[in-house]
Amino acid sequence: MIPIVWIHGYPHSSAIFEPQLEMEGYRHICPDLRGFGKTPPPAGPMTMSDYAGDVFAVMDAEQVDRAVIAGVSMGGYIAMEMYRLAPQRFLAMILLDTRETPDDDAGRAARMQAIETIKTQGPKTITDAMLPKMILSPERQEKGRAILESATPEGMIAALHAMANRPDSTETLRGVTVPAHILVGDRDTITPPSDSERMKTLMQDAELAPIARAAHLANYERPQQVNHILEAWLARKLEA
Ligand code: MLT
């Protein structure tokens with residue numbers, strides 16, 4: 001079975017991929033990053049390369065040399081870092097609601113402000129503000145809230161440091177030689193469709209699908225559309 005490694009974003013956990021587990025015929029590997037889901041928090045700030053090393057370690061433990069590597073948002077930043085470090089481990093790349101560019105000064109300042117808020121008021125102020133940008137539909141929002149609120153403050157702070165200091169992945173995407181699929185919620189305001197359109201122009205073999213009536217967590221909010229698109233693409237690219 002072809003393995004797919006699903007890398008979640010901030011402040012989520014592997015639970016956001018529950019709907020993707022319904023894609024039959026694949027071996028789904030869904031790690032929880034440090035400080036999220038079931039994985040204990042790190043001792044201090046993280047980098048994208050630390051997270052990439054953690055995901056490679058999970059692949060090693062599962063005895064998976066090569067996989068389809070899929071990342072949502074911060075998970076996409078990690079997938080790009082993984083490609084920089086070890087492109088030979090990719091069968092294909094899936095980028096969901098993410099972008100290749102680093103934070104600008106205002107973006108970095110907002111990360112530092114979020115760290116301060118978590119330290120002084122706790123993470124709920126941040127997760128309450130993020131939830132409506134992640135998921136549009138009220139029913140899904142209620143389940144999603146529990147996922148966001150399961151993040152530890154230490155894990156969130158470490159991820160904010162990693163995202164603030166992440167490198168530019170423009171050249172990395174230009175060099176990607178495996179097939180890639182980009183998906184984005186048409187109402188994503190965190191990494192809007194224009195980011196995905198730009199990523200597509202950089203890549204040699206990338207397809208792009210906007211997901212209708214979805215915000216930042218398109219895979220969670222519109223799983224049928226997303227799974228259908230990915231199943232058809234994977235069958236065409238990897239199983240032909
Ligand atoms: C995420 O969903 O991983 C984050 O919102 C990404 C970001 O803040 O850049």
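**Salt bridges, strands and spaces in a predicted model**

Lys124, Asp128, Glu142, Arg145 and Glu149 are joined to one another in a network of salt bridges. The model is a predicted one, and across the whole structure there are 19 salt bridges. Side chains of opposite charge can pair when their charged atoms come close.

Three further pairs show where such contacts sit. Arg84 and Glu81 form a salt bridge in which the closest N and O atoms are 2.6 Å apart. Both belong to helix α2, and because they are 3 residues apart there, about one helical turn separates them. Glu81 is buried, at a relative accessible area of 8%, whereas Arg84 has 33% relative accessibility and counts as partly exposed.

Arg99 and Asp195 also meet through their side chains, with an N to O distance of 3.2 Å. Arg99 lies in the loop between β4 (90-96) and α3 (105-121), while Asp195 is in helix α8 (residues 193-202), so this salt bridge ties together parts that are 96 residues apart in sequence. Arg99 has a relative accessible area of 19% and is therefore buried, the cut-off being under 20%. Asp195 is buried as well, at 7% relative accessibility. In the remaining pair, the side chains of Arg111 and Asp103 form a salt bridge at 2.7 Å, N to O, and both residues are buried.

The strands come next, starting from the N-terminal one. Strand β1 (residues 2-7) runs parallel to β3, and 4 bridges join them; Ile4 has Val68 as its bridge partner in β3. Strand β3 (residues 67-72) is mostly covered, with 6 of its 6 residues buried. On to β4, the parallel pairing with β3 is made by 6 bridges, and Ile69 has Met93 as its bridge partner in β4. The connection involves a helix already met: β3, α2 and β4 make a right-handed β-α-β unit, and α2 is the helix that holds the Arg84 and Glu81 pair.

From β4 the path of pairing leads to β5. These two strands pair in the parallel sense over 4 bridges, with His181 of β5 as the bridge partner of Ile94. In strand β5 (residues 180-185), 6 of the 6 residues are buried, so the strand is largely enclosed by the rest of the structure. In a regular strand the side chains alternate between the two faces of the sheet. In β5, Ala180, Ile182 and Val184 point one way and His181, Leu183 and Gly185 the other way, and all are buried. Strand β6 (residues 206-211) runs parallel to β5 and is joined to it by 6 bridges; here Ala180 stands opposite Ala206. β5, α8 and β6 make a right-handed β-α-β unit, and α8 is the helix that contains Asp195, which the salt bridge to Arg99 ties to the loop between β4 and α3.

What space is left between these parts? Rolling a probe the size of a water molecule over the atoms shows where empty space is left. The count comes to 1 cavity of 30 Å³ or more, and the largest cavity has a volume of about 50 Å³. Its lining consists of Met48, Tyr77, Met80, Arg84, Arg99, Glu100, Thr101, Arg166, Pro167 and Ser169. Helix α2 (residues 74-85) gives the most to this lining, with 3 residues. By type, the lining divides into 4 nonpolar, 2 polar and 4 charged residues. Arg84 and Arg99, both among the lining residues, were met above in salt bridges, Arg84 with Glu81 and Arg99 with Asp195.

The open spaces are the pockets. The largest pocket has a volume of about 570 Å³. It is lined by 24 residues, and those closest to its centre are Tyr10, Ala110, Arg111, Met130 and Ile190. Arg111 is the partner of Asp103 in a salt bridge. Two or more residues of the lining come from each of α2, α3, α4 (124-134) and α6 (153-164), and α4 has the largest share, 5 residues. The lining divides into 13 nonpolar, 5 polar and 6 charged residues.

The second largest pocket holds about 200 Å³ of space. Its lining is made up of Glu18, Pro19, Glu22, Met23, Arg140, Lys143, Tyr220, Pro223, Gln224, Asn227 and Glu231. The elements that give two or more residues to it are α5 (138-149) and α10 (223-238), with α10 giving the most, 4 residues. Here the division is 4 nonpolar, 2 polar and 5 charged.

Note on methods
Residues are numbered from 1 along each chain as its sequence is written. This is a predicted model: local features need pLDDT of at least 70, side-chain atom pairs count only at pLDDT 80 or more; totals for chains, interfaces and linings use all residues. Side-chain values use heavy atoms; hydrogens and water are left out. On a 1 Å grid over the protein atoms alone, a cavity is a set of points where a 1.4 Å probe fits but cannot get out, and a pocket is an open set with protein on both sides within 12 Å along at least five of seven lines; lining residues have an atom within 4 Å of a point. Grid points are joined across faces, edges and corners, and a volume is the space filled by probe spheres set on the points. Ala, Val, Leu, Ile, Met, Phe, Trp, Tyr, Cys and Pro count as nonpolar, Asp, Glu, Lys and Arg as charged, and the others, Gly among them, as polar. A salt bridge is a side-chain nitrogen of Lys or Arg within 4 Å of a carboxyl oxygen of Asp or Glu. Buried means under 20% relative accessible area, exposed over 50%, partly exposed in between (1.4 Å probe, protein chains only). Two strands pair if DSSP finds at least two bridges between them. A crossover is right-handed if, with the strands pointing away from the viewer, the path from the first strand over the helix to the second runs clockwise.
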